[in-house]
Structures are given as structure tokens and as C-alpha cells.
Amino acid sequence: MILSAPAVYKERSFGKGNTMDIYVADVNQLKNFRTPASDLTFYDEGLKIVNMYRYNKVQSLKNEDDKIRSLAAGLLLNYATRDFFEKEAETSQGIPSLRKIDVASLIDSYNPEYDYEIETIMNGKPVYKDYRNINFSLSHSGEYALCGIGNNPVGVDIEGNRKINFRVSEKFFSDKEKSWIGKDEDRFFRMWTLKEAYAKLTGEGIAKVISSIEFIVEDVVKCNQYGGESKNINIYEYNLKGYRIAALEYMRR
């Protein structure tokens, strides 16, 4: 069952700075039992409480690890959306903290009132159908699920701890980006997550991002778009146990 959002929605008020919240969960915790005497794993518990949109999405996947990651992403989105409404508005001039949420908390605090209807727009970008002022982005890879949420458009991506085919660089990165990456795996993941997060931010899709933007990594990361620096995007990066995370948001004007 998909429930509508609260009858009254008031946009959170922020000053200048970032408006984004970022959450991450260890998906492997879903394989655990709550207690030694439990008959159900956290995965079993979670699958019983998510809405039909997430349930069907999980069940459509064939790989068990993919199922676990998708379920974790759905639980994390519900947690982040509830938190978005309930916590007091905050403004930060620095990098948003990466909030690590354990799976038990995701399940115990799950509230179906925040299972807002999701639709996809350009290039499959998911959005809340009736509440476009709530912007979210999801990603999952390996051991982690990631969610970014805010009043402004956001895009997040996580990658790492896997083998790399550097020939991919020829297709997805500019000459400057390829030169900076070389054969460095961490730099590859760093650039890849920046590109993917940008594609999710704009909804343009990775194919268009390849030719339209270039990331320059110096003391700070710069995003060059159509030959000029894009100055209206906040870029945040994190390193989590061998995984690279990139989170982008449009700045408030």
C-alpha cells in the first residue's frame, strides 16, 4: 500500500550552505538474525514491512545479494524521508556528515506514512510523484546502500572493492580525467562516482554526462560543464572502508 504524504508540507528552511543529508547502511546486517532464537533474519523482517513498490522491485531481482541491496536502499529511503520531516532544519557551511544507520534501526523506526509514491522521469530518475520539493538519490554497491536527500536536486553514488577494467576509461572519461586516473584504482572509483552522481543529480543519464562535463581534481574538485566551470553545484566526497562515495547537490540561490 502506498500512502500519501502528510496533508501539510512545509519546505525546510535553510540559509546559504548545504541542505543535504546523507545516510549509509551496511547491507550485510540484513543477513543476521535479531537474536539467536529468532526465526527471521532482518531481511525477512524488512521484506514484510516495505511497500509494494519496493517489495516488487526486490522480488524482480534474481541475485540474492542484489535483493539485499535493493531492500536496504528502500529501508534507508524511508528512514531518510522520515528524518527529513521530523528533524529541525540545519544549515552547514562544511561537508555534510555521513550518517551510518544500523539495519535494526531502519526496521524498528520504519513508518509507512513516509512511503510516498515514486515515479520515474527523464532517463529513469526516481522522484516523489506529489512532493517534488523532496529530492532524493539512492545508490548501492557491495556491502553498502546509500541515500542522499534534500530540498534541492541531489545525486549520490558509491563504488569500490571490486576489480577494475581500465579500458572503461576510454569510453567514460575525458583525456584530462584519464591522465589524472592513470592506473590508480582509488582515483578510478573517485572519478566514476563523481560522474555517476552528476548523472543522477541532473537526470541526464551517464551517456550524456560523458560528453558534457569534466571533473578537475586539484585542491578542490571542480566540475567543468560545456567548457566553463559549473559554480552552482556542491561536491562532497567520502572514503568508507575501501569504497568511494560522491554526493552532489545544486546550491540554493
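**A tour of two positive-phi residues and a hairpin**

Start by selecting N161, in the loop between β7 (154-160) and α5 (168-172). The model is a predicted one. N161 is not a glycine, yet its phi is positive, at about 55 degrees. For context, most residues other than glycine have a negative phi. Switch on the surface at this position: the relative accessible area of N161 is 49%, so the residue counts as partly exposed, given that exposed requires over 50%.

Next, select strand β11, residues 233-240. Is this strand largely enclosed or not, and why? Of its 8 residues, 6 are buried, so β11 is largely enclosed by the rest of the structure. Buried here means under 20% relative accessible area.

Keep β11 displayed and add strand β12, residues 243-250. The two strands run antiparallel, and 8 bridges join them. To see one pairing, pick E237 and look across to β12, where A246 is its bridge partner.

Now follow the chain to the turn of this hairpin, which has 2 residues between the strands. Select K241, in the loop between β11 and β12. What is the sign of phi at K241? Phi is positive, at about 50 degrees, although K241 is not a glycine. Show the surface again here: K241 has 65% relative accessibility and therefore counts as exposed.

To finish, display both loop residues together. N161 is partly exposed at 49%, while K241 is exposed at 65%. Phi is about 55 degrees at N161 and about 50 degrees at K241.

How values were computed: Residues are numbered from 1 along each chain as its sequence is written. This is a predicted model: local features need pLDDT of at least 70, side-chain atom pairs count only at pLDDT 80 or more; totals for chains, interfaces and linings use all residues. Side-chain values use heavy atoms; hydrogens and water are left out. Buried means under 20% relative accessible area, exposed over 50%, partly exposed in between (1.4 Å probe, protein chains only). Helices (H or I, at least four residues) and strands (E, at least two) are DSSP runs, numbered from the N terminus. Two strands pair if DSSP finds at least two bridges between them.
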